[in-house]
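This report describes selected features of one protein model, covering strand pairing, salt bridges and a surface patch. The sequence and structure are displayed first.

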Amino acid sequence: MITGLGVVSPAGQTVPDFWSGLLRGRSAIKPITFFPAETFPARIAGWVPDCVFPSNGFDPGDPFYPDRRTQMAILAADQAVLDAGLDFAKENPYRIGTYLGAGEDNCIDLDSLAEMTRRAYRSGEFCETEFLASALEVMNAAQAINSEAGSSTMHLARRFRVCGPTLNCLTACA
């Protein structure tokens with residue numbers, strides 16, 4: 001049963017925009033401009049431009065502030081909850097779970113990952129201990145939390161103040 005719809009995607013940031021784009025055959029692929037892509041073989045992608053995340057009860061100074069990927073999931077969930085007319089304040093929060101189907105997990109920024117990998121290679125051999133040690137220097141607590149598979153559902157549950165089970169179904173890109 002579908003109770004409400006919400007979407008934040010390269011093809012539209014609301015259900016009407018997304019649907020209109022699909023019906024018109026509008027491509028969501030465009031040049032990458034949100035990071036320097038000159039050194040990459042591909043310089044186009046389907047990415048969400050100008051995604052504005054209102055506070056929604058989250059404090060940007062909070063070390064566990066949601067990352068961009070999770071912010072988009074929250075924006076889509078807000079749309080779906082509004083569309084469904086749900087009022088979680090009237091429900092038992094322990095009887096409401098959070099389920100998300102997300103393609104992949106968040107990763108630390110590419111510069112940090114490249115530096116961690118560079119440090120981990122010694123004489124052509126990859127040293128896992130060095131990689132993990134450099135991760136402790138490069139990542140902060142929020143990055144570590146947000147890189148966990150369940151972090152998005154945790155943030156969604158926190159957003160809606162629900163306490164039931166949480167699950168993020170991760171799927172492969174292949």
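## Strand pairing

In this predicted model, strands E3 (residues 98-102) and E6 (residues 166-170) run in the parallel sense and are paired over five bridges. Within this pairing, tyrosine 99 of E3 is located opposite leucine 167 of E6.

The two faces of E3 are distinguished by their cover. Thr98, Leu100 and Ala102 make up the covered face, whereas Tyr99 and Gly101 make up the uncovered one. Tyrosine 99, the residue that stands opposite leucine 167, thus belongs to the uncovered face of the strand.

## Salt bridges

Four salt bridges are present in the structure, and three of them are described here: arginine 69 with aspartate 67, arginine 159 with aspartate 78, and lysine 90 with aspartate 87.

In the bridge between arginine 159 and aspartate 78, the closest N and O atoms are 3.1 Å apart. Because arginine 159 lies in helix H6 (residues 151-160) and aspartate 78 in helix H2 (residues 68-84), this pair ties together parts that are 81 residues apart in sequence. Arginine 159 counts as partly exposed because its relative accessibility is 21%; aspartate 78, with a relative accessible area of 16%, is buried, since buried means under 20%.

## Salt bridges by burial

The salt bridge between arginine 69 and aspartate 67 has its closest N and O atoms 3.5 Å apart. Both of these residues are buried.

The side chains of lysine 90 and aspartate 87 meet at 3.9 Å, N to O. Lysine 90 has 68% relative accessibility and therefore counts as exposed, the cut-off for that class being over 50%. Aspartate 87 has a relative accessible area of 36% and so is partly exposed.

## Nonpolar surface patch

Which residues form a nonpolar patch on the surface? The patch consists of Trp19, Leu22 and Leu23, and together these residues have about 360 Å² of accessible area.

Leucine 22 is placed in helix H1, which spans residues 15-24. Its relative accessibility is 46%, so leucine 22 counts as partly exposed; this value lies between the limits of under 20% for buried and over 50% for exposed.

Technical notes
Residues are numbered from 1 along each chain as its sequence is written. This is a predicted model: local features need pLDDT of at least 70, side-chain atom pairs count only at pLDDT 80 or more; totals for chains, interfaces and linings use all residues. Side-chain values use heavy atoms; hydrogens and water are left out. Patches are made of residues with over 30% relative accessible area and no salt bridge: like charges are joined within 9 Å, nonpolar side chains (Val, Leu, Ile, Met, Phe, Trp, Tyr) within 5 Å. Accessible areas come from the Shrake-Rupley method with a 1.4 Å probe; for residues, only the protein chains shown count as cover. Helices (H or I, at least four residues) and strands (E, at least two) are DSSP runs, numbered from the N terminus. Buried means under 20% relative accessible area, exposed over 50%, partly exposed in between (1.4 Å probe, protein chains only). Two strands pair if DSSP finds at least two bridges between them.
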